[in-house]
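This briefing covers the contact between two chains, the confidence of the prediction, and a few backbone features. The sequence and structure come first.

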Amino acid sequence: MSKSTTKHQSVYPLSRELLLSCEKPARYVGGEYNLAPVKPDAALQFLLCFPDAYEVGLSNLGVKILYDILNALPDASCEYCFAPWPDFGRVLREHQIPLYGLTSGIPARAFGMLGFSLQYELSYTTVLYMLDLAGIPFRARERGEGDPVVIAGGPCTVNPLPVADFFDLFVIGDGESAIKELAEAYIANKRAGGKKADFLRAAAKVRGVWVPDDDSGQRSAVSGQLKDEIATRHSVPLAMTQNERDSDRNCQPTTDNCPLKIKRAVEPDLDALPYPVKPVLPNIEAVHDRAVVELFRGCTRGCRFCQAGMIYRPVRERGFDRCKESAFSLIDNTGYDELSLTSLSSGDYPRIRELIADLSGALRMRHVGLTLPSLRLDSFSGDFKSGGGGLTFAPEAGTQRLRDIINKNITEEEILSACAAAFQRDNASVKLYFMLGLPFETQEDIDGIIALCSKIKRLGKRPKISVSCSVFVPKPHTPFQWCAQIGREKAEVSQRYLKAELKRLGVTFHYHDARVSEIEAVLARGDRALSGVVEAVYDAGSVLEGWTEFFNYERWTAAFAAANVQPENYGGARNLTEPLPWDFIDVGVTKAFLKREYARAEKGLTTEDCRKTCHGCGLRCKSK
Amino acid sequence: MLLFEFEKTGAFRYIPHVDMLRAVTRTLRRARIECGYSHGFNPHILLYFSPPLPIGTASRCEQCALDCVLSAEEFLERYNRAAPAGLKALSAAVFPYPVNPAAKVNKARYEIVLNTGKVEIKSCFAALSAAAREVLAGDLFEVSAGRDGGVKEARPLLHDIAVRAGGGAVAVDAVLSAGNRNLRADRFIEGLLKRAGLNYTGADITRVTLYQ
Ligand code: SF4
């Protein structure tokens, strides 16, 4: 734990020739506007790692929040690091240049802590790619005192098991307080001359933190007094016998004798938290290159397929004035010409109309456009713009029956009248999002997509309709967590059918690679047996698999076979009574609630928006 | 119209023209400098730039013209307070008539500092000077025309070459056509080094003056 970057040499300036041999060299040179100054003598040197390209990473709100919090601490310094595109990765290897922090050029391995943001499962191989380029051992237990502490946060950590071997700790849930507490614990431990294990012991007490292995290499074994402290903190029994420990190396025991439950970190009051109003501006155009105000976290709609709707409960709103202030500060500090109000369902923000009215006048004067990317169909009122360009709606399923099953409380009339209203205002283009392979889906539901499109088509004068179909992945901590993933072959049959039928209708059709969803399902629902598979796939050469051009299905199937892992065991249906690998993560919604919701889905019963009636999901937010 | 000259140095030398345009636009907006906007569905600030630089070439003489009512001094002060390092304005002037640097500029001077690697400076200087004399005296000078491996006849686009040695490096100053008929400084130096029989191991290229 004696990390300081002062004695480490920066890799800057990189040779012009090396940079120019790669696509988009501006990704690799730093110098962005609004960068926090580097504090080379700060006790905590934190490298915020995003396992995807620069343009994706700098679009992410979560990392912007953490960057600000860490840099605001007097004894901490935080820089960004993104996954190099493969061409630059090769250059780094050939010239033995280690992966580095983007502001200082200091090698990643000289940092005290590396924090990875796990946004989607297919980024797991890219985590290894970045560790590899940094010269840091993959597995936590292979890393020594001289190596950085490697941590992870982000939505994927609600089932951290498939990548548990690679991280020293996970932060599950909201990161604001947790990262601050972790940083403070790290700094205190360093000042006290403590070892990495001492820090991890302290870290385990932070709400939302899971330390997979202790210093003796035992999974989740925590001793003595600390055990009691954590038990109190997490208010669940911690005791874990050797038998339990040995019982199933890959799956956490989950029933009443559960040895450890990790409670997700939940920020109760967003207004009490800092908001990044001075974000780093990307050197080249980012995927989402605009000012972003987060209106609220969580969602009350209760769509049964939606993991975000379950794992970010309860709804916590940012105050009206705070949203406005943040919007104006963001524009002042960035010069962006577009401001986006985001959340899981922006139309549900209580004073949304007033906010739009207040913002749009002032923003128009400054030539700033306002967008609401996540507008629900039923909150569309025809007086503000959703996303960029035309209208974007997500009916998700083709028939009312299936929409009821997934609890997407939207009727066909609502869909049609929203489209009709849009067409009347000359807005003759509509994008519709659907999912294939939802639980209880039948051929009628696929035909329903076509029928819906042809009805919408009749509403306007040759409207441009485009349909985008993803393949559903049943995710942990949702009412569909027990359901089977549809699998590649079945999904491809539906895709071929829709492609032909929609073409006949003159509707543009986009669909996701069914093989990607199949692998995603395995990783999302996996356990510790998968870390070897992830490593094997990386070793075979896979990185940046979120990009279609780099995804390689065959490497995954080969790695499953080599590791004797049956992907069907993970992607297939699970029994409602069997323990699930992610049961030890307590996101707040109870298993009983999820089961109830599953049972209602089976019967085709909807559950009302919980702003109106509380359904007792486990968060007890109304009783607080 | 106001015309300002700005640098494109440091990290910004690696930024493509379109992203540089975006960065200048954002700087103007942060500085709250009122400027002329285009009309239409998606109004944007009307900016007129000097001919684009290739990625990797720095500059101390980029130009940009815009409609704005500020005095040159006030513009410089406000712009630079909001500008990122590497994209600072160097000077500004107000004209009572429209200016468009892209239309006017036809030549540019470049300062090219060579990475001579293991080649001794003296012999490098001698070889380059000889090559420069030869190229200027002759009427054929081929340079690479891009990644596809083609070549382009560049002698008509080449106006002056001066080779200097000092401070432990060899540098070449060259005046090359810019704008519609353009000779890229990186391709020029590659060609000259080839002519001199030297290995190309890289160079730091900066555009230092624009000519009309
Ligand atoms: S406790 Fe009730 S109101 Fe709160 S999120 Fe759960 S269902 Fe909704």
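Helices and strands here are DSSP runs, with at least four residues for a helix (H or I) and at least two for a strand (E), numbered from the N terminus. In that scheme, A:Lys24 sits in the loop between H1 and strand E1 (44-50) of chain A. The model is predicted, and chain A has a mean pLDDT of 88.

**Interface of chain A and chain B**

- The contact involves 25 residues of chain A and 27 residues of chain B.
- About 2100 Å² is buried between chain A and chain B, with 50% of it on carbon and sulfur atoms.
- On the chain A side, the most area is lost by A:Arg16, A:Tyr33 and A:His367, which together account for 30% of what that side buries.
- Three salt bridges are found by the rule across this interface.
- A salt bridge pairs the side chains of A:Asp289 and B:Arg26, at 3.3 Å from N to O.
- There are also 11 residue pairs in polar contact across the interface, with both residues at pLDDT 80 or more.
- Two helices of chain A, H1 (16-20) and H11 (320-334), each contribute at least two residues to the side that touches chain B.
- H1(A) gives the most to that side, with four residues.
- Sorted by class, the side of chain A that touches chain B comprises 11 nonpolar, seven polar and seven charged residues.

**Confidence in chain A**

- A pLDDT of 70 or more is reached by 88% of the residues of chain A.
- Residues 215-258 of chain A have pLDDT below 50, and this stretch has 85 contacts in the model beyond near neighbours in sequence.
- Residues 380-388 of chain A are also below 50, with 21 contacts in the model beyond near neighbours in sequence.

**Cis peptide bonds**

- A:Tyr12 and A:Pro13 are joined by a cis peptide bond with omega near -10°; A:Pro13 belongs to the segment before H1 of chain A.
- The peptide bond between A:Arg313 and A:Pro314 is cis, with omega about -10°; A:Pro314 is in the loop between helix H10 (307-311) and strand E10 (316-317) of chain A.

**Positive phi outside glycine**

- A:Lys24 has a positive phi, near 45°, and is not a glycine.
- A:Lys24 counts as partly exposed because its relative accessibility is 40%, and partly exposed covers values between 20% and 50%.
- A:Leu544, likewise not a glycine, has a positive phi of about 45° and lies in the loop between helix H18 (530-539) and helix H19 (553-562) of chain A.
- The relative accessible area of A:Leu544 is 0%, so A:Leu544 is buried.

Terms used
Residues are numbered from 1 along each chain as its sequence is written. Chains are lettered from A and ligands numbered from 1 in the order in which they are written. Side-chain values use heavy atoms; hydrogens and water are left out. Contact means heavy atoms within 4.5 Å. Buried area is the accessible area (1.4 Å probe) that two parts lose on being put together, summed over both. A salt bridge is a side-chain nitrogen of Lys or Arg within 4 Å of a carboxyl oxygen of Asp or Glu. A polar contact is a pair of N or O atoms within 3.5 Å; within protein, one must be able to donate a hydrogen and the other to accept it, and residues adjacent in sequence count only if both atoms are side-chain atoms. Ala, Val, Leu, Ile, Met, Phe, Trp, Tyr, Cys and Pro count as nonpolar, Asp, Glu, Lys and Arg as charged, and the others, Gly among them, as polar. pLDDT is the predictor's confidence in each residue, from 0 to 100. Buried means under 20% relative accessible area, exposed over 50%, partly exposed in between (1.4 Å probe, protein chains only).
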